[in-house]
Amino acid sequence: MKPCSNYRKRIAWLAVGVLDSREERELRAHLPTCSGCRNYLEEMSGVSNKLSACRIDPDICVSETFHQKLAHRLKAEETASRWGVVVAQVQSALPRWKIALPVIGAAAAVVTALLLVVRRPAGSSLAPIKSATAMPPAKRDLAPTISNYQMIANHSLEKLDEVLTTEGNRNPPPAPVYTVSSFARTTLSDQELD
């Protein structure tokens, strides 16, 4: 369980012993009610104890410029980490957009094409073109193809509905039924021909 976000920093300060008395009392009052914060305090106290148990070599001398350089690097890393979070979020969203944008564009093109083909402007003063969109006199002579359906739809959507209903109500010819015995017969007759 995670600790409360508004207590995390104070819990770390409490673990190293630098929290002032008022905030420490407030935090200690909160700890019995929150198991996440108690666990976090135990973890931070363990880390603090391990660090304080480490032996420090007295022969190590560090110059003043080391501290200045370290402070500058920490500030630069903090600034870079903020930008790094933003860049990481953009980069994680980018692959989804690389897929989504072409799909959205293709869907928009299809919808636009359908609207242009199916929808006719209201109050159009243009007479229908007889050569391309004229309905043939006999509907039953048309083969059930997409181009014929498109031609009927350009003429009238009601007629397209009628044609599709008629096609749907027609009984298709029975399909041949294949069984193992019929397969065996065809195999035998093929062998006899050889």
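Tutor: Helices (H or I, at least four residues) and strands (E, at least two) are DSSP runs, numbered from the N terminus. This model is predicted: local features need pLDDT of at least 70 and side-chain atom pairs count only at pLDDT 80 or more, while totals for chains, interfaces and linings use all residues. Residues are numbered from 1 along each chain as its sequence is written, and side-chain values use heavy atoms, with hydrogens and water left out.

Student: What separates glutamate 24 and arginine 28 in helix α2?

Tutor: Glutamate 24 and arginine 28 form a salt bridge, with 3.4 Å between the closest N and O atoms. A salt bridge here is a side-chain nitrogen of Lys or Arg within 4 Å of a carboxyl oxygen of Asp or Glu. Glutamate 24 is partly exposed at 27% relative accessible area, and arginine 28 is partly exposed at 45% (buried is under 20%, exposed over 50%, partly exposed in between, with a 1.4 Å probe and protein chains only). The two residues are four apart in helix α2, so what separates them is about one helical turn.

Student: How many residues apart in sequence are the parts that arginine 10 and glutamate 26 tie together?

Tutor: The structure holds two salt bridges, and one of them joins the side chains of arginine 10 and glutamate 26 at 2.9 Å, N to O. Glutamate 26 is partly exposed, its relative accessible area being 34%. Arginine 10 belongs to helix α1 and glutamate 26 to helix α2 (residues 21-30), so the parts that the pair ties together are apart in sequence by 16 residues.

Student: Which elements give two or more residues to the largest nonpolar core?

Tutor: A nonpolar core is a set of buried Ala, Val, Leu, Ile, Met, Phe, Trp, Tyr and Cys residues joined through side-chain atoms within 4.5 Å. The largest has eleven residues, including Tyr7, Ile11, Leu31, Cys34 and Cys37. The elements that give two or more residues to this core are α1 (8-16) and α3 (35-53).

Student: Why do cysteine 34 and cysteine 37 have no bond between their sulfurs, and how far apart are these sulfurs?

Tutor: A disulfide is a pair of cysteine sulfur atoms within 2.5 Å, and the structure holds zero disulfides. Cysteine 34 is buried, with 11% relative accessible area, and cysteine 37 is buried at 0%. Cysteine 37 touches Pro3, Cys4, Tyr7, Ile11, His30 and Leu31, residues up to four places away in sequence not being counted (contact means heavy atoms within 4.5 Å). The sulfur of cysteine 34 has its closest cysteine sulfur in cysteine 37, too far for a bond, because the distance is 3.6 Å.

Student: What accessible area do the residues of the nonpolar surface patch with Leu70 have together?

Tutor: Patches are made of residues with over 30% relative accessible area and no salt bridge, like charges being joined within 9 Å and nonpolar side chains (Val, Leu, Ile, Met, Phe, Trp, Tyr) within 5 Å. Leucine 70 lies in helix α4 (residues 64-118) and is partly exposed at 38%. With Ile60, Val62, Phe66 and Leu74, Leu70 forms a nonpolar patch on the surface whose accessible area (Shrake-Rupley method, 1.4 Å probe, only the protein chains shown counting as cover) is together about 470 Å².

Student: What distance separates the C-alpha atoms of valine 117 and glutamine 150?

Tutor: Valine 117 is in helix α4 and is partly exposed, at 37% relative accessible area. Leaving out residues up to four places away in sequence, valine 117 touches Gln150 and Asn154. Valine 117 and glutamine 150 are 33 residues apart along the chain, and their C-alpha atoms are separated by 8.6 Å.
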